[in-house]
Amino acid sequence: MNINTLAYLGDAIYEVYIRKLLIDKGIVKTNLLQKEAIKYVSAKSQVRILNKLINDNILTERELEIVKRGRNNSKDSHPKNTDVVTYKLSTGFEALIGYLYLNDKDRLLEILQKIEVK
């Protein structure tokens, strides 16, 4: 599957997961939910989480390959509020989430549960 399609899917899956976690924590006001969700779904936050997963040796070789494919995709545009490197790394993270959603939901849940939501 096209890596950008995996990232597109992964972005949606990850955001739903974070939103549900925040709701489960008792946050019910939508403006506060949005403010808190941004702490986890922004490109910078995704890169921080990805780096922790890599540094803690959580990801398999195959998972690292997916991240690299996402990072190295040929899309040159990026949002104005982040730099190209951060955007490409966050795309790698999203591609991994999309890949795992389609191929190994148990592993996806295992990785998502490593994310500390405060």
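Which residue caps the N-terminal end of α5? The cap is D83, with a side-chain oxygen 3.2 Å from the backbone nitrogen of V85. Polar contacts of this kind are pairs of N or O atoms within 3.5 Å; within protein, one atom must be able to donate a hydrogen and the other to accept it, and residues adjacent in sequence count only if both atoms are side-chain atoms. The model is a predicted one, in which local features need pLDDT of at least 70 and side-chain atom pairs count only at pLDDT 80 or more, while totals for chains, interfaces and linings use all residues. Residues are numbered from 1 along each chain as its sequence is written, and side-chain values use heavy atoms, with hydrogens and water left out.

The overall fold comes next. The protein has six helices and zero strands, and reads α-α-α-α-α-α along the sequence. Helices (H or I, at least four residues) and strands (E, at least two) are DSSP runs, numbered from the N terminus. The C-alpha trace spans about 40 × 35 × 25 Å along its principal axes. For 118 residues, a compact globule would have a radius of gyration near 13 Å, and the 14 Å of the protein agrees with this; the radius is taken over C-alpha atoms, and the globule rule is 2.2 Å times the number of residues to the power 0.38. Of the 118 residues, 42% count as buried, where buried means under 20% relative accessible area, exposed over 50% and partly exposed in between (1.4 Å probe, protein chains only). Among contacts (heavy atoms within 4.5 Å) with a separation of 6 or more, 67% join residues 24 or more positions apart.

Helix α5 covers residues 84-103, and its end C-alpha atoms lie 28 Å apart, in agreement with the 28 Å that 20 residues should span at 1.5 Å a residue. The expected span is 1.5 Å times one less than the number of residues. Because 15 of its 20 residues are buried, α5 is largely enclosed by the rest of the structure.

A search of the whole structure finds one aromatic pair. Y14 and F93 meet edge-to-face, at 5.0 Å centre to centre and 90 degrees between the planes. The pair links distant parts of the chain, with Y14 in helix α1 (residues 3-24) and F93 in helix α5, 79 residues apart. Rings of Phe, Tyr and Trp (its six-membered ring) pair if their centres lie within 6.5 Å; planes under 30 degrees apart count as stacked, over 60 as edge-to-face and the rest as tilted. Y14 counts as buried at 0% relative accessibility, and F93 is buried with a relative accessible area of 0%.

Both aromatic residues are also touched by Q46, whose other contacts include D11, Y40, V41, S90 and E94. Q46 belongs to helix α3 (residues 43-55) and counts as buried at 1% relative accessibility. A polar atom of the Q46 side chain lies 3.2 Å from the backbone oxygen of V41.

The 13 residues of α3 should span 18 Å, and its end C-alpha atoms are indeed 18 Å apart. Its buried residues are A43, S45, Q46, V47, I49, L50 and L53, and what covers them includes α1, α2 (30-41), α4, α5 and α6 (105-112). After α3 comes N57, with a positive phi near 55 degrees.

In contrast to Q46, which is buried, E65 is partly exposed at 42% relative accessibility; E65 is found in helix α4 (residues 61-71).

How values were computed:
Lists of a residue's contacts leave out its neighbours within four places in sequence.
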